[in-house]
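Here is a short tour of a model for you to follow along with in your viewer. Take a look at the sequence and the structure, and then we can start with one strand.

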Number of protein chains: 2
Amino acid sequence: MATIFNNRDPDFFIQGILNGDIVLLSRAITLVESNNEKHQLVAQKIIEGIAGAPRNSFRLGITGVPGVGKSTFIESFGKEVIGQGHKLAVLAIDPSSAKSKGSILGDKTRMEELSVQKNVFIRPSPSNGTLGGVTKTTYETILLCEAAGFDFIIVETVGVGQSEVAVGKITDFFLLLMLAGAGDELQGIKRGIMEMADALVITKADGENLEKAKVARSEYAHAMHLLQGSESGWTARTTLSSSLNNYGISEVYSMINEYNTLVTANGYFLLKRREQQIDLFLSAVNEQLTNKFYSDKVIKEKIKSIKNLNADQNIQPFLLAKELVNLFFKK
Amino acid sequence: MATIFNNRDPDFFIQGILNGDIVLLSRAITLVESNNEKHQLVAQKIIEGIAGAPRNSFRLGITGVPGVGKSTFIESFGKEVIGQGHKLAVLAIDPSSAKSKGSILGDKTRMEELSVQKNVFIRPSPSNGTLGGVTKTTYETILLCEAAGFDFIIVETVGVGQSEVAVGKITDFFLLLMLAGAGDELQGIKRGIMEMADALVITKADGENLEKAKVARSEYAHAMHLLQGSESGWTARTTLSSSLNNYGISEVYSMINEYNTLVTANGYFLLKRREQQIDLFLSAVNEQLTNKFYSDKVIKEKIKSIKNLNADQNIQPFLLAKELVNLFFKK
């Protein structure tokens with residue numbers, strides 16, 4: 001594999017991707033995901049090369065706990081999206097894949113109907129790195145997909161970890177899928193994720209579940225109302241859906257369309273993307289500075305000894321920080 | 001003022017503070033708050049000198065929007081605390097003071113009854129710095145108060161800014177004061193603050209307000225329930241209080257006592273403090289590294305030009321970060 005990639009001129013990838021070549025798009029994503037330094041260099045040049053490509057896309061983040069029916073929802077919703085004339089890319093971040101070898105990657109039957117459609121590109125991403133690493137990889141994958149002509153990007157993640165925060169930083173709209181039932185399901189959703197949501201969709205609202213779903217909807221709508229307040233001018237919504245009956249699916253598309261119209265008109269769409277870019281830049285600077293610091297041998301040893309202290313031994317956090325930063329820059 | 005401080009040997013402060021000298025405690029806090037480099041050096045030595053002092057204290061963070069009756073609550077609650085045999089320090093962070101010359105500092109009638117009590121030390125802190133700066137100053141002020149024998153520390157802040165996040169990082173228990181009425185009061189509380197709360201107290205639950213307060217209590221209890229989930233083993237509570245009728249005040253003390261007993265027994269008390277210390281250390285390292293980076297002249301110029309770009313011009317956040325960090329370390 002390494003030889004195929006190393007022998008390629010970045011321009012070969014760039015031209016291919018801009019022409020919508022899915023095979024080269026897929027290989028470029030693999031380069032972006034690779035930890036190999038040579039791959040990284042090629043990936044960087046490809047990303048630079050596609051920088052000028054138009055980005056009139058919509059980026060949708062979708063999250064929900066396992067069992068909420070995320071794949072089924074995306075399958076139904078994805079068909080609606082391509083039916084509306086979009087080219088759709090579905091990127092799945094699987095925080096469990098590094099440990100369990102991939103619940104998303106492993107499930108071959110996933111989105112079977114959607115994956116065979118024209119104008120659909122589905123790509124699971126193993127998230128075997130830091131949060132910053134996941135953000136970078138996924139963000140650059142979005143850019144590559146957009147350069148290849150995909151104008152509707154879904155970034156999917158399992159709502160049990162920190163990757164939702166990353167997704168919130170790189171998408172235009174954040175959709176939280178919830179199960180009907182007692183309010184306790186929210187326990188499975190980490191603090192803060194509900195607050196990020198631009199809309200909450202209660203799935204499996206069919207059959208015996210429908211009444212429960214309606215109750216849950218009003219409960220969540222109330223909780224969401226208490227939490228809201230956004231500069232976008234958008235008020236978060238709570239809706240019902242059933243992938244079984246194809247109920248509430250096209251409504252989600254209409255809702256997102258409505259959001260898009262609103263924020264395009266009031267300028268929030270571009271403003272949010274710019275804020276995201278600045279935010280990503282600052283985080284990346286931060287991560288790189290701290291990486292250099294914490295990978296220093298002497299610093300490493302010092303920190304190891306601090307973390308080994310008993311809980312009842314006091315640390316002077318600010319003095320210690322000053323001491324170590326000074327030590328780092330003296331060398 | 002500078003001469004008084006500069007001529008003092010740090011040991012003079014250290015001994016005085018350890019002997020419970022309030023005047024020297026107060027001056028040491030002024031040194032900690034000072035931006036003067038010489039003061040900072042003395043302050044640092046004092047903090048180092050008191051590092052070994054016992055810290056069997058309880059640190060309580062209290063926040064709420066203006067008008068919630070924070071001062072009145074703390075006045076009533078403070079009397080309960082000293083009645084229970086504690087030495088009480090009340091530290092007030094006022095995020096508005098830098099701009100408005102201090103709504104807290106300006107109000108001389110504030111906590112009049114409490115301030116004349118023995119065993120009470122009240123100290124407003126102008127928060128005229130960064131969030132990290134506020135955290136550092138307040139944290140070191142807590143250490144100084146504890147070294148002077150204060151075993152119950154209240155850190156008070158106005159629930160409209162980011163300083164609550166800082167308070168959450170340096171206290172053992174976070175109390176959110178709320179007004180009765182429609183659920184919309186929550187709009188005044190920034191996202192995430194409610195989630196930080198270990199307890200929510202609805203104030204002014206008296207007279208005509210009592211029924212409204214009871215309704216609000218059940219509404220908030222529900223919202224809190226949806227948000228909770230903590231490794232402390234503690235479930236957040238919602239209670240009513242009236243400083244007018246001295247109703248529900250001693251119950252707050254009992255509740256905090258109950259929390260303290262629980263987390264002391266299960267080890268979470270020390271664990272949380274250790275996690276806070278590590279967290280403060282990492283944040284401080286972070287802040288110092290980024291300060292060095294962003295105060296670099298060349299970097300400053302580059303970033304200025306990036307921020308001046310139009311919203312529709314794309315930035316490559318990760319490439320840019322790499323480029324600038326490399327530039328910084330080459331010099």
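Strand β6(A) is covered on both of its faces: A:Ala199, A:Val201 and A:Thr203 are buried on one side, and A:Leu200 and A:Ile202 are buried on the other. Keep in mind that this is a predicted model. The strand spans residues 199–203 of chain A, and five of the five are buried, so β6(A) is largely enclosed by the rest of the structure.

Which strands pair with β6(A)? One is β5 of chain A, residues 173–179, which runs parallel to β6(A) and is joined to it by five bridges. Another is β7 of chain A, residues 237–240, also in the parallel sense, with four bridges. The table gives a bridge from each pairing.

| Strand paired with β6(A) | Residue | Bridge partner |
|---|---|---|
| β5(A) | A:Leu175 | A:Ala199 in β6(A) |
| β7(A) | A:Val201 | A:Thr239 in β7(A) |

Now for chain A as a whole. Its secondary structure comes to 16 helices and seven strands, and 42% of its 331 residues count as buried. Among the contacts in chain A with a separation of 6 or more, 75% are between residues 24 or more positions apart.

How does chain B relate to chain A? A turn of 179° with a shift of 0.1 Å along the axis lays chain B on chain A with an RMSD of 0.2 Å. That is the relation of a two-fold axis. In chain B, B:Ala223 has the C-alpha nearest the axis, 2.9 Å from it. The copies meet through the same surface, because 98% of the interface residues of chain B are also interface residues in chain A.

Key:
Residues numbered from 1 in each chain as written. Chains lettered and ligands numbered in written order. Predicted model: local features only at pLDDT ≥ 70, side-chain atom pairs only at ≥ 80, totals over all residues. Helix = DSSP H or I, 4+ residues; strand = E, 2+ residues; numbered from the N terminus. Buried ≥ 20, exposed ≤ 12 C-beta atoms within 10 Å, placed from the backbone. Contact = placed C-beta atoms within 7 Å. Least-squares fit on C-alpha atoms with pLDDT ≥ 70 in both. Pairing = 2+ DSSP bridges.
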